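Biologist: Could you take me through one part of this model closely, namely the side of one chain that meets its partner, and then follow the elements of that chain inward from there? I would like one connected account rather than a list.

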Amino acid sequence: MRPERMVKLAVKNLSQYKLRAGLTMLGIIFGVCSVVAMLSVGEGANLEIQEKIQRMGSQNILIRSVKVPSDEDGGRGGRPLIAAYGLTYEDEADLSRFVPNLVAKTPIKRLRYDVRFKERRLQTDVVATTPWYLRVQNYRMVRGRFFSSADMEFGTPVCVIGTRLARMLFAGFDPIGQTMTIDSEAYTVVGIVGDIAQSELTVSNELWLEGENQAVYIPLRTYVQKRGDLFIQLSEGSGTFEKIELHELILTIDEQENVVQAVDATRRVLRENHKKEDYSIIVPLELIRQARETRRLFNIVLGSIAAISLIVGGIGIMNIMLATVSERTREIGIRRALGARRRDIVLQFLMETLILSISGGVIGLVFGAIIPMVITASTNVKTVLTFPAFAVAFTVSVTVSVVFGIYPARRAALMDPIDALRHE
Amino acid sequence: MSEPIVELKSAVKEYVNGSLRVTALRGIDLRIDRGEYAVIMGASGSGKSTLLNLLGCLDHLTSGNYLLGGEDISNLTDDELSEIRSRRLGFIFQSYNLIPQLNVLENIEVPLFYQGIPESAARVTAERLAKRMGLSSRLRHKPMELSGGQQQRVAIARSLVCDPLLMLADEPTGNLDSKTGHEILELIDELHAEGKTIVMVTHDDDIAHRAQRVVRFMDGEIISNVWNGEAKA
């Protein structure tokens, strides 16, 4: 018998019981929908984490200065005039000597100052670093250039600004070549730098109109020559003096497999140099591993939930089909008497199951695609719709329902036609 | 008149009902020739329904042979029996047994559906038969919207759709008032006149008079076999 006639017959039969068919589909709809929605939320979260970690670079080791409460001084109640902590130039020198397979080191001072251009002013992050920083952060230049090793060498007062800052501070002007002040020191803008997401945009000229980078980047040498290492911060009337030589140090290792060894060396050097642990070591590679592990766990949990919901949907189908079969016993008897083979009866009921599950699956996919969009639109949580999520949810749900449909269909086919005909 | 359509040879049918063994047919021999109109009579439990189910290929013999149109079908598989039912047999039931969600034409087409005959060809045949049964104005109606007599006409049309070798009728007038029943019987007479081979189960003597031959059953055995009112061993 031709399949399209089976489909026609099945649709006709299903349309007899619209409410029932709809309720049966609901199980599949919810199953598929929840699986797709969960997967896309999970995928979105995963992507975001991956992106963040990737930006830190899997070959990098990040060392940050951390302020620790100074117990021996603070215990007596008197506040030290200058709080000195964190990474030092000595650390930098020692690390570059003792860490194996080191390709580059990027020292960073992270500061916060008022910046001004003409009468516009705002407070923003100032990053004093070396030219290598651009590479380590994987940032793209939008216009102009990053500062060079020559700028470092001579301590030239140049700066590179983030796209967002360019928009905010230089609206109506071309920032390149302009002079801006950073905490009343004059710097010349030589370039505009984007953040990583921007590299995906291809439109050439007005690229800097997008992007959220609001920092100013200046050569470390220039800053140190001007200001030294004492950082004065005025908060709530009372000033605190902080002496931090480096806020951050990024070590770049040649190969990923050498990172672990380098981390050990780094720990050893820093432990030797510091009495207190006024630093923290962040290894993106480890974070990636952790993220993968978390992801795996998440997948298992998600998979279980999905499996349960799909099985529940399948049981729903089986339940309804069993009811349908027993309700239509007489019809089965008639069809058998008029020449239907067992196979024809099995096919008839399986086709009904298949149509229920496919339509339920399709509706579920539609809702499963809409829900993440609504989530993204209303909560700013990133979601990603992936084809595998669709394919998995759909095929699993259809397979499950067909498997659960086999039993009722077989039961229908194995009925004795004489008994079935007599059935009231 | 000598070509046998149905030949039963020492046909035995036993049912196992729990630990109880019930013998419904005790080795009967029966021959029905082409064009015959035979009525089977007997009290309930006499074995006449069992006989009809066997003739209709809905059941297997416990022992003995059943030849339909010269072909021994005692040992055919379920699928082969299904095929015979769809191609060679026509059923008319007491309770019509139409499929409620299908309309008149679709009900008539069901046996053709299982023969794999294309929809358009089936539709032509179904329309022709429906018209012949006087159902022209009811082609798209569902069984629920028809009277009992009309429903039985649909069932007769359905039984004719495969041009059957043998027509089996199980108390076809049992659910009808006498006037409608009479119309149905006349239709069956008409079919007989056209040369159809008909076997009908009934317990109504008036109906039995119309037939050419009456076979009486009691306790799973044939107790009389009468042609035109005159006995013949």
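Modeller: What follows starts at the contact between the two chains, moves into the strands of chain B, and ends with salt bridges elsewhere.

This is a predicted model, and the description below should be read in that light. The contact draws 27 residues from chain B and 29 residues from chain A. Between them, chain B and chain A bury an area of about 2,600 Å², and carbon and sulfur atoms give 54% of this area. On the side of chain B, the residues that lose the most area to chain A are B:Gln101, B:Phe113 and B:Tyr114, which together make up 30% of what that side buries.

The polar part of this contact can be described in some detail. There are 14 residue pairs in polar contact between chain B and chain A, counting pairs with both residues at pLDDT 80 or more, and the count of salt bridges between the two chains is 5. One salt bridge is formed by B:Asp79 with A:Arg343, whose closest N and O atoms are 3.0 Å apart. As for the elements involved, helix H2 (78-88) and helix H3 of chain B each supply at least two residues of the side that touches chain A. Sorted by class, that side of chain B has 12 nonpolar, 7 polar and 8 charged residues.

Within helix H3, which spans residues 104-115 of chain B, B:Glu106 deserves a closer look. Beyond its neighbours within four places in sequence, B:Glu106 is in contact with A:Lys12 and with B:Arg123, and so its contacts include a residue of chain A and a residue of its own chain. B:Glu106 has a relative accessible area of 19%, and because the cut-off for buried is under 20%, this residue counts as buried.

Helix H2 of chain B also takes part in a link inside its own chain. The side chains of B:Glu71 and B:Arg88 meet in a salt bridge, with 3.2 Å from N to O, and this pair ties together distant parts of the chain, since B:Glu71 lies in strand E5 (residues 71-72) and B:Arg88 in helix H2, 17 residues apart. Both partners are partly exposed, B:Glu71 with a relative accessible area of 35% and B:Arg88 with one of 26%.

Strand E6 of chain B, residues 89-92, is covered on both faces, with B:Leu89 and B:Phe91 buried on one side and B:Gly90 and B:Ile92 buried on the other. Strand E6 of chain B pairs in the parallel sense with strand E7 (residues 166-170) over 4 bridges, and within that pairing B:Ile92 has B:Ala169 as its bridge partner.

Strand E3 of chain B, residues 37-42, gives another view of the interior: 6 of its 6 residues are buried, so this strand is largely enclosed by the rest of the structure. In a regular strand the side chains alternate between the two faces of the sheet. Here B:Tyr37, B:Val39 and B:Met41 are buried on one side, while B:Ala38, B:Ile40 and B:Gly42 are buried on the other, so that both faces are covered. Strand E3 of chain B is joined by 4 bridges to strand E8 (residues 198-201) of chain B, the two running parallel, and B:Ile40 stands opposite B:Val201 there. Strand E3 also pairs with strand E9 (residues 213-218) of chain B, again in the parallel sense, over 5 bridges, with B:Gly42 opposite B:Phe217.

To set the salt bridges in context, the structure holds 39 of them over all chains. In chain A, the side chains of A:Arg227 and A:Glu185 meet in a salt bridge at 3.3 Å from N to O, linking helix H8 (residues 220-227) with strand E8 (residues 185-193) of that chain across 42 residues. A:Arg227 is partly exposed, with a relative accessible area of 28%, and A:Asp183, A:Glu185, A:Lys226 and A:Arg227 are linked in a network of salt bridges. A pair within one helix is A:Arg296 with A:Glu293, which meet at 3.4 Å, N to O; these two residues both lie in helix H10 (residues 284-327) of chain A, 3 residues apart, about one turn of the helix. A:Arg296 counts as partly exposed at 48% relative accessibility, and A:Glu293 is likewise partly exposed at 42%.

Conventions:
Residues numbered from 1 in each chain as written. Chains lettered and ligands numbered in written order. Predicted model: local features only at pLDDT ≥ 70, side-chain atom pairs only at ≥ 80, totals over all residues. Heavy atoms only, no water. Buried < 20%, exposed > 50% of the residue type's maximum accessible area, 1.4 Å probe, protein only. Contact = heavy atoms within 4.5 Å. Buried area = accessible area lost by both parts, 1.4 Å probe. Salt bridge = Lys/Arg side-chain N within 4 Å of Asp/Glu carboxyl O. Polar contact = N/O pair within 3.5 Å; in protein donor to acceptor, adjacent residues only side chain to side chain. Nonpolar A, V, L, I, M, F, W, Y, C, P; charged D, E, K, R; others polar. Pairing = 2+ DSSP bridges.
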